[in-house]
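Me: Could you take me through one part of this model closely? I would like to begin with how far it can be trusted and then move outward from there.

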Amino acid sequence: MPIRRLILTLAVILSLVALLAYGFFRDPRYIPSPLVGKPAPNFSLQLYSGEKVELSALRGKVVFINFWASWCPPCIAEAKEMEAAWRKLKDQNVVFIGVEIQDTEANGRAFVKEFDITYLMGNDPTGKIPIDYGVWGIPESFFVDPDGRIVYKHVGAIDPELLVAKTAEAHQRIMTAKEGKGEYQSIR
Amino acid sequence: MRREKLKAVLLGVFLSLLTAHLLTYSLHATQPADVEQQAHAIAAELRCPVCQNLSVADSPSELAQQMRASIEEQLRQGKSPDEVKRFFVSKYGDWVLLAPPAKGFNLILWLLPAVAALCGVILVGFALRRWARKKAVQPTDAAYPSPPAGEDRRDFLAAEQARLDTEMRELDFDFQAGKLSDADYAALSGELKVQEAAVGKQLAAVPQYIAPRHPAEKPKARAGSEARAPKNWQLATGAAFLLLLGLGLGVLLTQSVRSRDSGDTMTGDFLTGTQAAGPQEATLARGRAAIEKGDFPQAIEAFKQVLTADPNNPEALAYMGIMLSQAGHKDGALTAFDRSLAADPNFPLALWGKGMLLYRTGGDPVEARRLLEKVSSMMPAGPEKTEVQNALTQISQSPGAPTTAAAKPESVPQAGTGSAAAEGQIAGVIDVDAKAKANLDARAVLFIIAKPSRGGGPPLAVKKVPSPKFPFSYSLSAKDVMMPGAVFSGKLYVTARLDKDGDPLTHSPEDLAGEYSKNPVDVGSKKVDFVLAPARPDAR
Amino acid sequence: MTALIGHSAILLAFALSLWGIAAPLLLNGTGNEFFRSSARLSILGQLAFVTLAASALIYALVNTDFSIQYVAMNTTRATPIYYRVTGLWGALEGSLMLWEWLLIIFSGLVAWIYKERQRETMPWVLMIFSIVSAFFLGVLAFASDPFQTVSPVPADGRGLNPLLEDANMMSHPPLLYTGFVGLTVPYAFAMAALIVGKADEEWIVTTRRWTITAWFFLTMGNLVGAWWSYHVLGWGGYWAWDPVENAAFMPWLPATAFLHSVQVQERRRMLKVWNLSLIMVAFSLTIFGTFLTRSGVLSSIHAFSNGPVGKIFLVFLAVILIASFGLLAYRADLLKGQPQLDSMVSRESTFLLNNVLLVSALFTIFLGTIFPLLAEAVTGRPVSVGAPYFNAATVPIFLALVFLMAIGPMIAWRRASLDNIKRNFLWPAVASLAIAIAVLILGVRDFLPLLGVTVCAFVVATILFDTALALRARRRLARENIFSALVTLARRNQRRYGGLVVHLGIVLIALGILGSMSYSVERQATLGRGETLEVGNYKIRLIALRAIEEPTHYRVEGVFDVTRGGRDIGELAPALKFFPNQQSPVGRAVHRSTFGEDLYLILSGFSELQNNRATLKVLVRPLVVWIWLGGGVIVLGTLIAIMPARKRQAVAVSSAELEEVA
């Protein structure tokens, strides 16, 4: 009985099967970002209010950047709570910026009105900002610390408690390498 | 001497293949000059982040288009192709490269195949040499042929003889065709003849035997192979082992995968047999629980999962509708409720949801009243029933509403979210003329179409309503736009068509059509009401 | 009612398949002949029930019986009847049903044809069929039931994926599945031979035609798949190295290797373990492919939705692999031959080299396909492996293989002398060099296409040269005219000449791939009405945009007037199709083929607001048409190879046949 041959065969096959089984434990669409820990790419955004915001001008503050579109269900789901979080945090040297991507300004304005959003909101018609931030699934959120460094990234709808906690960490310049994940929708 | 030469030739062939290999690698480094071509070449090496598996060059997605534009812009700014690629790697990581950079762990990908191929060739080379040596040591193999013992011996020898025969014939023909020199032919055919003789001699020594003709003699025929055939206990052990292994693996896989966090959608019910008793029950329960807790993302995820498997699940649709209406998306909510009611016209949750939504937003008091009355009759007494009945009283009290079909939506009390949602849409009531109403088909499908121009041209928005009930109150909004990104605005021509049997292939003369008399209308208009009448056969 | 019939038929067939597994074991234990015939009857019974179930599903699809969930998901009332039938393989459950149906048809054929022959191995062969069939039936009955009912019955169905609404979808999956399933036949015979311990060449001889047939369907399935991709997916390519495409292609490689290496075993009684391994790998890869397609483990454009089926297939794959290779390892002592060769330079060694290259190609593609998994498991960071890698890594191997197609069939068996090589290859080499120089002068300056053309020319030249020599000899010997000499030659040695024709087909495909890979031109532009885009010799002018209302969708066409070198070649109208239940439009590309090059137009966008402006993507892809023509040549070659032989041509006679004669 060629036991050794049998064991060898078994080992090779089982390791292959284990590798394939590993595939069930991952999301094949997920793309981890290399941006966490790096300086946040600068951008200037035309806001619905008519003003312009420049990221580099916000040094010294914690900036929460949220990419969204009006056609994305998880974005709709998180909108109310995000506004609530903003109202709670707005006196704490924090700026919230919502960047509407792959959508029309009219839709964006309707959305802002619908959810009574008071933080900075604007449409990016060029599609350059999402590429700069490596956006692929929305809502996608970035936390920028007062030194202008990305300290945390969250793909998908974000829990308001986590939002508050991560903002506090961003004030202390604490970085979290592991990305957060919630319900998301691929962009188009 | 001659053999050495052949070896050299073979070596030459290998070397040239190797150079070919290396040269084709280096070919990918050469770049075309033209910026557009260059951009295309770069795009072909980048993976579209939002597609299933396409390069940026091949993907039709919006993001890929923007990435292509970005590539061209960067090239025009004078960046080198490598710099452009590095830019995208800095944003999306190495993931974005369709050919992973040959460094670190990825070296395995680049080197292993080449190493394996080379090892394969070398191994085969060695094996060939060993086998050829063996032959060289014993030119006419003394052990040839080496048939098995027993009754297969004769079969074996006969087959061998037939084979040698064929080979001889082929060799003869090749020689005739001029593919072999006299010397080669003589050597090869000589060898074949020696072998044929050896086989013939052995064959003559095998005693003739009579093959078993009847199944009854089977045990005897089996005798020869009995030693080799597996015992049943061996087979049983093997099978039991495989079965256990398979079951173990299956249980292991499902259990571990199930315990994953619920952010993923790949939790499957592995042979649990829940299929028979409502396949989606577990997921539905999860969604209901999430709604109770107010955890909408979780609930949306659960119901979406149900709807992927069963797109017409009335309960999931109704819940979706309720969540959408709470989020202020009236149109989405109405669509969901209508789909739910199409699947089950008496589904209480959808009746209630749609009725209350229509009541609150004042979309169509007649329909609201009908729905709420229906659901009220199905409900047990309780605070919820009281709420419904209050709503019903409100509707009947509002002026002009009670029974006439020409209800005035404006006159109904407006709820807070309604006014915002009503903007950017066209709404109204479509009815069918009295004559046609008598022979409406239950399968009929209503298409409501808004076009930016009369006649031809693509429609801007289309709504498809299976089995509509007339008078049908509708609304068209940005949600119904066909081209993603197109703006639902401006002056639009609103028409509708009722396809009799729901099968647009058959353009029956009984199809109904109609359009708003004061076309075009502004987006935001309400009361865009009109009546459908039999379409003229030429009115397509 | 239909659902009940279908589901019961599946359950009954499942029960029969279990009996089909048990019966050969009982026969082995008791020797009672009753079990022999019942193993056969179990297969035929399964055939009847599965046919019933499949017919029930087709009936439900055609009559849009929406009480069955599968029907509701894959048809609508508006779906034309043609696509209702193809709905059978439009989604997971139906495609498994089709697979099982084909499998049991093949099994039934085997059970029927070998009714009297192969007494010793046949019960085991049927047992292997029953095992595979039991697996599929089990999945159909308990995990992925196509007859699952839905209540309340929806008013209308959801409809087929619009991409599948194409004439080629009629043929692509069934062809591919037939190829996959066909490989079960040699696999079952190989396993049976191992079980009874008959380590000779009998199983190879018996399954020779089956293997060629399976190989043929595999080839056609892949080619039609490529054609579908080119024709329908509308991105201008025919092969994207997508995991699912790789999964369909991978079994082809060991199957091709097997077809060649069995010839060495037939002649030299060596490579026994190798051949058994090849067929086991080929069969396992068909299951692996199903696993990939159904599990969602790797992202792919072609993947079916996820569910428990992926995991079940992985378990089955593991069981198949362990059972096959475990048995092989267990029987290894029996398979020890005394390999001997006359020379290192011979047809035997070229075939071996061909096997090494094919297996290397398989390994490369397999590694590339699962590397994203491997890399993420080890490093934690995902990587992508796509066309640039696969092209760079496999093109050299495939070129070398094409080169071997020139050497292998011509070099002498046993021992090739330098004289033999000179006689066979000198003139073809000269001819191909002349062609290379001609091509060089005509303006092809890049290395890869130049090398490719030379190698392809060399193959064609050797084949023509060899056939010419044989024809001359034939005419001298039998005084026949050229035509009848050709027929006699092909008739006398069908496998050889069929094979040579197939090689010619492969060369055509290689040329097509080479041309379209190296010299494609792509341009994109937004045109207003009357504006012209120039690509190569072509001038493409936008005439109008028009919208058409189709039964299941709206269609927006850009109408373009195309001239080539000043000559009008008519109007082409690429379109975008808008389906009511699809978020984004589906492109409908159009192309104009000539023997030289294809013009391929894709409408990538349009804008009503900006006065009839259309965004157009234009591809000019040389020689693509030769890929499809090559497929036709392969059909011809395969037909020659498997044509029923004349009696006296039986080269190697199986022992069972001898037994009958004796």
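What is the mean pLDDT of chain B, and what percentage of its residues reach 70 or more?

Reply: Happy to. This is a predicted model, and local features are described where pLDDT is at least 70, side-chain atom pairs count only at pLDDT 80 or more, and totals for chains, interfaces and linings use all residues. Residues are numbered from 1 along each chain as its sequence is written, while chains are lettered from A and ligands numbered from 1 in the order in which they are written.

For chain B, the mean pLDDT (the predictor's confidence in each residue, from 0 to 100) is 72, with 66% of its residues reaching 70 or more. Among the elements of this chain, H4(B) has the highest mean, 94, and helix H17(B), residues 416-422, the lowest, 37. Elements here are DSSP runs numbered from the N terminus: helices are H or I of at least four residues, and strands are E of at least two. Two stretches need some care. Over residues 25-31 of chain B, pLDDT stays under 50, and the model has seven contacts beyond four places in sequence there; a contact means two C-beta atoms, placed from the backbone, within 7 Å. Residues 210-227 of chain B also stay under 50, with 14 such contacts. Where pLDDT is low, the predicted coordinates should not be read in detail.

Now to the side of chain B that meets its partner. There, 32 residues of chain B are in contact with 32 residues of chain A. H3(B) (62-76), H4(B) (81-92), H9(B) (232-258) and H11(B) (296-309) each supply at least two residues of that side of chain B. H3(B) gives the largest share, five residues. By class, this side of chain B has 17 nonpolar, nine polar and six charged residues; Ala, Val, Leu, Ile, Met, Phe, Trp, Tyr, Cys and Pro count as nonpolar, Asp, Glu, Lys and Arg as charged, and the others, Gly among them, as polar.

Further along chain B, helices H13(B) (330-343) and H14(B) (348-361) are worth a look. Their axes come within 9 Å and cross at roughly 150°; axes are lines fitted to C-alpha atoms, for helices over the stretch in contact, and angles run from 0 to 180 degrees between N-to-C directions. The crossing of H13(B) and H14(B) is left-handed, a term used when the near helix is turned anticlockwise from the far one by less than a right angle (right-handed if clockwise). On the H13(B) side, the contact includes B:Leu334, B:Phe337 and B:Leu341, and on the H14(B) side B:Gly353 and B:Leu357 are among the residues involved. Six nonpolar, three polar and two charged residues make up the contact of H13(B) with H14(B).

One last detail in chain B is a cis peptide bond from B:Asn519 to B:Pro520, with omega near -10°. B:Pro520 sits in the loop between strands S6(B) (512-515) and S7(B) (521-522). Chain A has a cis bond too, from A:Ile138 to A:Pro139, with omega near -5°, and A:Pro139 is placed in the loop between S6(A) (137-138) and S7(A) (140-144).

S7(A) also belongs to an open, mixed sheet of six strands, in the order S5-S4-S3-S7-S8-S9; strands pair if DSSP finds at least two bridges between them. At the edges are S5(A) (120-123) and S9(A) (180-181), each pairing on one side only. S9(A) runs parallel to S8(A) (150-155), joined by two bridges, and A:Val155 has A:Lys181 as its bridge partner in S9(A).

For contrast, here is chain C. H9(C) (202-233) and H11(C) (252-268) pack at about 155° with axes 10 Å apart, and are therefore roughly antiparallel (over 145 degrees; under 35 is roughly parallel, 65 to 115 roughly perpendicular and the rest oblique). Their crossing is left-handed. Among the residues in contact are C:Trp215 and C:Leu218 of H9(C), with C:Phe258 and C:Leu259 of H11(C). H8(C) (184-196) comes within 8 Å of H9(C), axis to axis, crossing at roughly 165°; H8(C) also passes H9(C) in a left-handed crossing. C:Phe189 of H8(C) and C:Trp210 of H9(C) are among the residues that meet there. Beyond H11(C), C:Arg269 has phi near 50°, a positive value in a residue other than glycine, and lies in the loop leading to H12(C) (272-295).
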